[in-house]
Amino acid sequence: MEHESPSGSGAEMTRRTFLTWVSGACAAAIGAVLSASGLAYFVSPAFRKDDEGWVDVGRLADLKAGAPLKLDYVERRKDAWATTEKRASVWLVKDGDKVTAFDPRCTHLGCPFRWDDAKKQFLCPCHAGVFAVDGKVVSGPPPRPLDRYSVKVEAGRLLVNSKPIRSEA
Ligand code: FES
């Protein structure tokens, strides 16, 4: 048996309308929150500022003037949602207070070169390219000086930005 509301069907409709409105508002609020967080998940990596590519490669104190040092390091890059790791290396040359960072690939065809302490030159084994300690071509086929990386010192640590700066011929 059905019970009539004391206030009649008009009051019942009002309550029903109110409940419909409240449940609709709750559903809209939940939808808005879910949409905003979902949208943020997909959009934010595209705008997230990265660490600008600076990598800590070691202590300044380990560098000796006139004795270029090759340092190996792991470069971590955040690309959208993935973090990748890449082994990399850099040649560092200290001259007074100045530190220069060279891309370890020869500017001819990209072979790794080495430092010859007796000759005080960088030697490329692939086609006998020779570079001076400042990166200039001494002899051989390399078309331009060694490419460089930006380098800075913070609290005694050497930071290298491993985006090569292409040298001019
Ligand atoms: S790659 Fe170095 S001289 Fe050719």
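**Exercise 1. Identify the residues with the most contacts inside the largest nonpolar core, and the strands that supply this core.**

Solution. The largest nonpolar core comprises 13 residues, and Val57, Tyr73, Val90, Leu92 and Val160 have the most contacts inside it. The strands come next: strand 1 (54-59), strand 2, strand 3 (82-95), strand 4 (98-102) and strand 10 (157-165) each contribute at least two residues of this core. Strand 3 gives the largest share, three residues. Apart from this core lies another, of 11 residues, including Trp91, Val93, Cys106 and Phe113. The model under study is a predicted one. As a general background, nonpolar side chains in soluble globular proteins tend to be buried together.

Tyr73 may serve as an example of a core residue. Leaving aside neighbours within four places in sequence, Tyr73 is in contact with Val55, Val57, Lys86, Arg87, Ala88, Ser89, Val90, Tyr149, Val160 and Ser162.

**Exercise 2. Describe the secondary structure of the chain and its overall burial.**

Solution. The chain contains one helix and 10 strands. In sequence order, these elements follow the pattern α-β-β-β-β-β-β-β-β-β-β. Turning to burial, 27% of the 169 residues are buried. The exposed surface of the chain is about 11600 Å², of which carbon and sulfur atoms supply 58%. Among contacts with a separation of 6 or more, 42% are between residues 24 or more positions apart.

**Exercise 3. Determine which residues make the nonpolar surface patch of about 390 Å².**

Solution. The patch is made by Phe18, Leu19 and Trp21. Phe18 belongs to helix 1 (residues 9-47). With a relative accessible area of 51%, Phe18 is classed as exposed, because the exposed class begins over 50%.

**Exercise 4. Characterise the surroundings of Glu75 and its salt bridge with Lys86.**

Solution. First, Glu75 is placed in strand 2 (residues 69-79). Its relative accessibility is 4%, so Glu75 counts as buried. Beyond neighbours within four places in sequence, Glu75 is in contact with Val55, Thr84, Glu85, Lys86, Ala88 and Ser162.

Next, the side chains of Glu75 and Lys86 form a salt bridge with an N to O distance of 3.8 Å. The pair links distant parts of the chain, with Glu75 in strand 2 and Lys86 in strand 3, 11 residues apart. Lys86 is partly exposed at a relative accessible area of 47%, whereas Glu75 is buried. In general terms, side chains of opposite charge can pair when their charged atoms come close.

**Exercise 5. State how many salt bridges the whole structure contains, and examine those of Asp103 and Asp134.**

Solution. A search of the whole structure gives 10 salt bridges. In one of them, Arg105 pairs with Asp103, with the closest N and O atoms 2.7 Å apart. Asp103 is buried at a relative accessible area of 2%, while Arg105 is partly exposed at 43%. In another, Lys136 pairs with Asp134, with the closest N and O atoms 3.6 Å apart. Here Lys136 is exposed at 51%, and Asp134 is partly exposed at 35%.

**Exercise 6. Locate Arg148 and relate it to Asp103 and Asp134.**

Solution. Arg148 lies in strand 9 (residues 148-154). Its relative accessible area is 33%, so Arg148 is partly exposed. Arg148 and Asp103 are separated by 45 residues in sequence, yet their C-alpha atoms are 5.3 Å apart. For Asp134, the backbone oxygen lies 3.1 Å from a polar atom of the Arg148 side chain. Excluding neighbours within four places in sequence, the contacts of Arg148 are Thr100, Ala101, Phe102, Asp103, Asp134, Lys163, Pro164 and Ile165.

**Exercise 7. Classify Asn161 as buried or exposed and list its contacts.**

Solution. Asn161 is found in strand 10. At 15% relative accessibility, Asn161 is buried, because the limit for this class is under 20%. Apart from neighbours within four places in sequence, Asn161 is in contact with Glu52, Gly53, Trp54, Tyr149 and Ser150.

**Exercise 8. Compare the loop positions and backbone phi values of Lys120 and Ala128.**

Solution. Lys120 sits in the loop between strand 5 (114-116) and strand 6 (121-124). Although Lys120 is a residue other than glycine, its phi is positive, near 55 degrees. Ala128 is in the loop between strand 6 and strand 7 (129-131). Ala128, also not a glycine, has a positive phi of about 60 degrees. As to accessibility, Lys120 is partly exposed at 44%, and Ala128 is exposed at 53%.

Conventions. Residues are numbered from 1 along each chain as its sequence is written. This is a predicted model: local features need pLDDT of at least 70, side-chain atom pairs count only at pLDDT 80 or more; totals for chains, interfaces and linings use all residues. Side-chain values use heavy atoms; hydrogens and water are left out. Helices (H or I, at least four residues) and strands (E, at least two) are DSSP runs, numbered from the N terminus. Buried means under 20% relative accessible area, exposed over 50%, partly exposed in between (1.4 Å probe, protein chains only). Contact means heavy atoms within 4.5 Å. A polar contact is a pair of N or O atoms within 3.5 Å; within protein, one must be able to donate a hydrogen and the other to accept it, and residues adjacent in sequence count only if both atoms are side-chain atoms. Patches are made of residues with over 30% relative accessible area and no salt bridge: like charges are joined within 9 Å, nonpolar side chains (Val, Leu, Ile, Met, Phe, Trp, Tyr) within 5 Å. Accessible areas come from the Shrake-Rupley method with a 1.4 Å probe; for residues, only the protein chains shown count as cover. A salt bridge is a side-chain nitrogen of Lys or Arg within 4 Å of a carboxyl oxygen of Asp or Glu. A nonpolar core is a set of buried Ala, Val, Leu, Ile, Met, Phe, Trp, Tyr and Cys residues joined through side-chain atoms within 4.5 Å.
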